[in-house]
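Colleague: Please take me through one part of this model slowly: the aromatic rings, and then whatever else around them deserves a look.

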Amino acid sequence: QVRVFFLPAFLFQAAGLGLMLWFVTQTDLGVFGVTLALTLVTAVSQILYYWPLCLKLTDFKFKDFAIHVLRPGFAPALGAGIIWVALKVLVSPESWLELVLCVVTGGGIYLMILFGLCLNSAEKQDLRSILSRVGIV
């Protein structure tokens, strides 16, 4: 069964590499082109291959997937996205340090919303258990 999974995954990765090389050699987009290629291949492969594969392996319906996976992930992504857009407008990072601080700020907001609002009671208990094992709680 690994072979069945491997071939499409390999082909998407190869397409990503090919698209990155094409953007670098055939356009003047530079790093933006590479990022665009990676974003396109990742989005297409997730939606067209990995999501259906996971639904098939877990015997989930898309409605269940949307309710239990996509919806809980939307709130932290939206919150972090708003912060990142605001930081882009207010700070407009011009150094690596400013960029790292913006990424960490948005990432922190993402984690606070995720852990504070999006976990169900069983997930919160699992998180407490893990944090107590590593000595944080």
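Modeller: First, the vocabulary: I call a residue buried under 20% relative accessible area, exposed over 50% and partly exposed in between, using a 1.4 Å probe and protein chains only. By that yardstick both Tyr 49 and Tyr 50 are buried. Mind that this is a predicted model, where local features need pLDDT of at least 70 and side-chain atom pairs count only at pLDDT 80 or more, while totals for chains, interfaces and linings use all residues. Numbering starts from 1 along each chain as its sequence is written, and side-chain values use heavy atoms, leaving out hydrogens and water.

On confidence, pLDDT is the predictor's own score for each residue, from 0 to 100. The protein chain has a mean of 90, with 99% of its residues at 70 or more. Helix 1 is where confidence is lowest, with a mean of 87, and helix 4 (residues 96-118) is where it is highest, at 93. Helices here are DSSP runs (H or I, at least four residues), numbered from the N terminus.

Now the rings. Phe, Tyr and Trp rings (the six-membered one for Trp) pair if their centres lie within 6.5 Å; planes under 30 degrees apart are stacked, over 60 edge-to-face, and the rest tilted. That gives seven aromatic pairs. Among them is Phe 12 with Tyr 49, a tilted pair with 6.2 Å between centres and 40 degrees between planes. This pair joins distant parts of the chain, since Phe 12 sits in helix 1 (residues 2-26) and Tyr 49 in helix 2 (residues 31-58), 37 residues apart. Tyr 49 counts as buried because its relative accessibility is 14%. Tyr 49 also pairs with Tyr 50: their centres are 5.0 Å apart and their planes at 70 degrees, so this pair is edge-to-face. Through these ring pairs Phe 12, Tyr 49 and Tyr 50 become a cluster.

Back on helix 1, Phe 10 has its place there too. Phe 10 is partly exposed because its relative accessible area is 45%. Along with Phe 5, Phe 6, Leu 7 and Leu 11, Phe 10 makes a nonpolar surface patch of about 500 Å² accessible area in total. (Patch residues have over 30% relative accessible area and no salt bridge; like charges are joined within 9 Å, and nonpolar side chains, meaning Val, Leu, Ile, Met, Phe, Trp and Tyr, within 5 Å. Areas are Shrake-Rupley with a 1.4 Å probe, and for residues only the protein chains shown count as cover. A salt bridge puts a Lys or Arg side-chain nitrogen within 4 Å of an Asp or Glu carboxyl oxygen.)

Two glycines are worth a glance as well. Gly 16 is in helix 1 and is buried at 5%. Its C-alpha is 25 Å from that of Val 103, which is 87 residues away along the chain. Gly 33 lies in helix 2 and is buried at 0%. From Gly 33 to Phe 23 the C-alpha distance is 5.2 Å, with their positions 10 residues apart in sequence.

Finally, the loops. Most residues other than glycine have a negative phi. Asp 59, however, has a positive phi of about 60 degrees. Asp 59 is in the loop between helix 2 and helix 3 (62-90), and it counts as exposed because its relative accessibility is 64%. Ser 92 has a positive phi too, near 45 degrees. Ser 92 lies in the loop between helix 3 and helix 4 and is partly exposed, at 26%.

Notes: Helix = DSSP H or I, 4+ residues; strand = E, 2+ residues; numbered from the N terminus.
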